[in-house]
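I opened a fresh notebook page for this protein. My plan was to look at the overall build, then at two helices and a few residues inside.

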Amino acid sequence: IALKLAQILNENGARVVLTRSDDRFVDLYQRTAIAQREGADVFLSIHINANVSRDKNGTSTYYRRDTGDFPPGVDQADNRRLAGAVQSELLRALGRRSLGVLQSNFVVLRTSPVPAALAEVAFVSNPEEEQMLRQETVRAKVAEALAIALNNYFAPNK
């Protein structure tokens, strides 16, 4: 999904920085350090959820828990707006149950030097969603939805 999203964004003139382009592990703190070093405008972390309960399903998007301690230039309203744009487009594209736009203290959210969101697209532990995620067309649809979400996020600022 991330590679397809990067391709879409690059084709539309964006400069995309991936923290990784394969399945190797990159330290969570290093991921946001890369964003800072590269002068990112936003940080989007893309995930596939899992749960011990195979019945759990749906889509959620997270933004930083409001601690009142934000890096210079990062506003909680921007975090919320980015997460809302991502959640809205994922729901439109996938038609899955919404688990909401939620706050969390995930490392990549609380250490991001720029507005950040973490998308949990669907549950690989849920048989129906697992089958859905196996389809290349669905993964491409998710990438397109994320590109639209980012475009919608930046549109008011143009």
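**Entry 1: surface and charge.** I began at the outside of this predicted model. The protein exposes about 8500 Å², and carbon and sulfur atoms supply 48% of that area. I then looked up the charges: there are 20 positive and 18 negative ones, and their mean positions lie 1 Å apart.

**Entry 2: overall build.** I found 6 helices and 4 strands in the protein. Read from the N terminus, the order is α-α-β-β-α-β-α-β-α-α. The C-alpha trace spans about 45 × 35 × 35 Å along its principal axes. I also checked the radius of gyration: a compact globule of 158 residues would have one near 15 Å, and the protein agrees because its value is 15 Å. Of the 158 residues, 43% are buried. Then I turned to contacts with a separation of 6 or more, and 76% of them join residues 24 or more positions apart.

**Entry 3: helix H3.** I moved on to H3, which covers residues 76–94. How far apart should its ends be at 1.5 Å a residue? The expected span for its 19 residues is 27 Å, and the end C-alpha atoms are 27 Å apart, so the two agree. I listed its buried residues, among them Leu82, Ala83, Gly84, Ala85, Val86 and Gln87. Gln76, Asn79 and Glu89 are on that list too. What do the buried residues of H3 pack against? My notes say strands E1 (43–49), E2 (59–64), E3 (98–104) and E4 (116–123), along with helices H5 (127–133) and H6 (136–154). Just after H3 comes Gly95, with a positive phi near 65°.

**Entry 4: Glu89.** I picked this residue of helix H3 for a closer look. Is Glu89 buried or exposed? Its relative accessibility is 9%, and the cut-off for buried is under 20%, so Glu89 counts as buried. Setting aside residues up to four places away in sequence, Glu89 touches Ala145, Ile148, Ala149 and Asn152. I also noted a distance to Ala2: the two residues are 87 apart along the chain, and their C-alpha atoms are separated by 15 Å.

**Entry 5: helix H6.** Next I took H6, which has 19 residues. From first C-alpha to last it reaches 27 Å, close to the 27 Å expected at 1.5 Å a residue. Its buried residues include Val138, Val142, Leu146, Leu150 and Tyr153, and several alanines such as Ala140 and Ala147. The buried residues of H6 pack against helix H1 (2–11), E1, H3, E4 and H5.

**Entry 6: Ala143.** I stayed in helix H6 for this one. Ala143 counts as buried because its relative accessibility is 0%. Which residues does Ala143 contact beyond its neighbours within four places in sequence? I found Ile1, Lys4, Leu5 and Ile8. Leu9 is 134 residues from Ala143 in sequence, while their C-alpha atoms are 9.6 Å apart in space.

**Entry 7: Ser60.** I finished in strand E2, where Ser60 sits. Ser60 is buried because its relative accessible area is 1%. Leaving out neighbours within four places in sequence, I noted contacts from Ser60 to Asn49, Gln87, Leu99, Gly100, Leu102, Leu118, Ala119 and Glu120. Gln87 had come up before, as one of the buried residues of H3.

Note on methods
Residues numbered from 1 in each chain as written. Predicted model: local features only at pLDDT ≥ 70, side-chain atom pairs only at ≥ 80, totals over all residues. Heavy atoms only, no water. Helix = DSSP H or I, 4+ residues; strand = E, 2+ residues; numbered from the N terminus. Rg over C-alpha atoms; globule rule 2.2 N^0.38 Å. Buried < 20%, exposed > 50% of the residue type's maximum accessible area, 1.4 Å probe, protein only. Contact = heavy atoms within 4.5 Å. Areas by Shrake-Rupley, 256 points an atom, 1.4 Å probe, with all protein chains shown as cover. Lys, Arg positive; Asp, Glu negative; His and termini not counted. Charge placed at Lys NZ, Arg CZ, Asp CG, Glu CD. Expected span 1.5 Å × (residues − 1).
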